[in-house]
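Dear colleague,

I am handing over the structure to you with this email. Please take a look at it first, and then read the notes that come after it.

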Amino acid sequence: MERIDLVIELYRLRREARERRPELLCDFPLATNVVKAILRNCKKRQVRENAVADVFEDVKQDCERAVKLGIKEGEVKGRLIALMAMMNLFLGEGDMKRVQEIVQLICRLPAGPVSALPAKDYNNAIRLLGKKRYLKGVFAILDLMRVSSVIPDNETFEFLANATVRQVEFVTGAVSMDTLPQPVGAEVAFVGRSNVGKSSLVNMICNRKALAYVSGRPGKTQQFNYFLVNSKDENSQFYIVDLPGVGYAEVPQPVQDEWMQFMAQYFRHRTSLRLVFHLVDGRHGALADDESLMRQMATSERRVNEYIIVLTKMDKLDKQKVKQSILDKTWAALIRNGCSGDTPIVLTSSASRLGRDEMWRHLQAALPGI
Ligand code: GTP
Ligand code: MG
């Protein structure tokens, strides 16, 4: 008998014994090691598949039973480590069905700060899941980090951006409805006053340094700048549109009026538009131009699926009290102009990179392909 056959046989006996004595728990680290040994050493395809299925079934049953009986958070950590390791093994095999099942198991366990792992473990999972383009899994791990109070770091976002934005390229600058590019599945617009930080935020969420032109001189972006994300994949491609800043005094009034008219037509007729991020300078809150944009969004004939306020440059505000008063003022402005009181408000800074995960959550919710 080969050593690996012996391992398989021993695990099978152990499992049988456990079936007779349900109070015995599955040994997750052992199960992971056995899966590893089978995948590495078992040459016969059918034997290998049956053996893996057997161990994996054991793990699944244990998780289900644990969830049903109310497992304590303190007992989750060991399972989590083993499940992540097992997920990596299946990712290596390209066995995405089992990877998906493991992600589901992980999501059902009662995670929290007590069961938290180091950030690098989650980052690694995000990297590997991203490489396989399993974005639901990527976001599930991000959620897990959140409930476990693990703060995402630069690496988390690098891997997240690698997973979500494989390629991104400037496509065209549109100046009127008939110069807009042919729609792809979906598009997302960044609007707001001039100099509010639109281009900087586009760069931040794409994790690119100089994709959209950032300028100290307001009024720099004078056209609808179209960036195509994931051009090689029809299912996940979408446009990011960096709109010209509104309300900058040095741009002649007739030109500003033209932009506003174009923008109104765009919101009304561009049916592929899924999401509008309206950027508002966090230091000042909504100004007159912002309020008119809010009114436009509230009264537009065709409601865009998602309208989100993004407060920018929050790194320049240090006091919590000031932040709260800007938030209150923004909500008041939204309601005053006919927008829903539930309109999400995201706090961001391209300088400190605050808000990257929340921006991505909104993108993911609005774009089914990613
Ligand atoms: P227009 O294209 O002119 O409408 O401007 P924009 O909204 O695209 O703004 P842009 O990203 O070009 O940024 C304008 C200025 O604000 C630049 O000097 C940026 O470096 C600065 N800036 C943008 N975001 C932030 C931020 O989060 N924090 C700080 N401190 N500065 C920022
Ligand atoms: Mg710009």
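What follows is an account of the cavity, the cysteines and the aromatic rings.

Please keep in mind throughout that this is a predicted model.

To begin with the interior, the count comes to one cavity of 30 Å³ or more, and the volume of the largest cavity is about 40 Å³. Its lining is made up of F157, A161, M204, I205, N207, R356 and W360, and these residues divide into five nonpolar, one polar and one charged. Three helices, α8 (154-164), α9 (198-206) and α13 (356-366), each supply at least two residues of that lining.

Turning to the cysteines, you will find zero disulfides in the structure. For C26, the closest cysteine sulfur is that of C63, and because the two sulfurs are 7.9 Å apart, they are too far from each other for a bond, given that a disulfide would need them within 2.5 Å. C26 is buried, with a relative accessible area of 8%, and C63 is likewise buried, with a relative accessible area of 2%.

The aromatic residues offer rather more to describe, as the structure holds seven aromatic pairs. One of these is formed by F170 and F227, whose ring centres are 5.6 Å apart and whose planes stand at 65°, so the pair is edge-to-face. This pair links distant parts of the chain, since F170 belongs to strand β1 (residues 168-174) and F227 to strand β3 (residues 224-229), 57 residues apart. With a relative accessibility of 45%, F170 counts as partly exposed, whereas F227, at 2%, counts as buried.

Y226 and Y239 make up another pair, with ring centres 5.0 Å apart and planes at 90°, so this pair too is edge-to-face. Because Y226 lies in strand β3 and Y239 in strand β4 (residues 238-242), the pair ties together parts that are 13 residues apart in sequence, and both Y226 and Y239 are buried.

There is also an aromatic cluster, which is formed by F224, F262, Y266 and F267. Finally, a charged residue is found over a ring in the case of R79, which lies over the face of F28 at 5.1 Å from the ring centre.

With best regards

Notes:
Residues numbered from 1 in each chain as written. Chains lettered and ligands numbered in written order. Predicted model: local features only at pLDDT ≥ 70, side-chain atom pairs only at ≥ 80, totals over all residues. Heavy atoms only, no water. 1 Å grid on protein atoms, 1.4 Å probe; cavity = no way out; pocket = protein on both sides within 12 Å on 5 of 7 lines; lining within 4 Å. Points joined across faces, edges and corners; volume = space filled by probe spheres on them. Helix = DSSP H or I, 4+ residues; strand = E, 2+ residues; numbered from the N terminus. Nonpolar A, V, L, I, M, F, W, Y, C, P; charged D, E, K, R; others polar. Buried < 20%, exposed > 50% of the residue type's maximum accessible area, 1.4 Å probe, protein only. Phe/Tyr/Trp six-rings, centres within 6.5 Å; stacked < 30°, edge-to-face > 60°. Lys NZ or Arg CZ within 6 Å of the ring centre and 35° of its normal.
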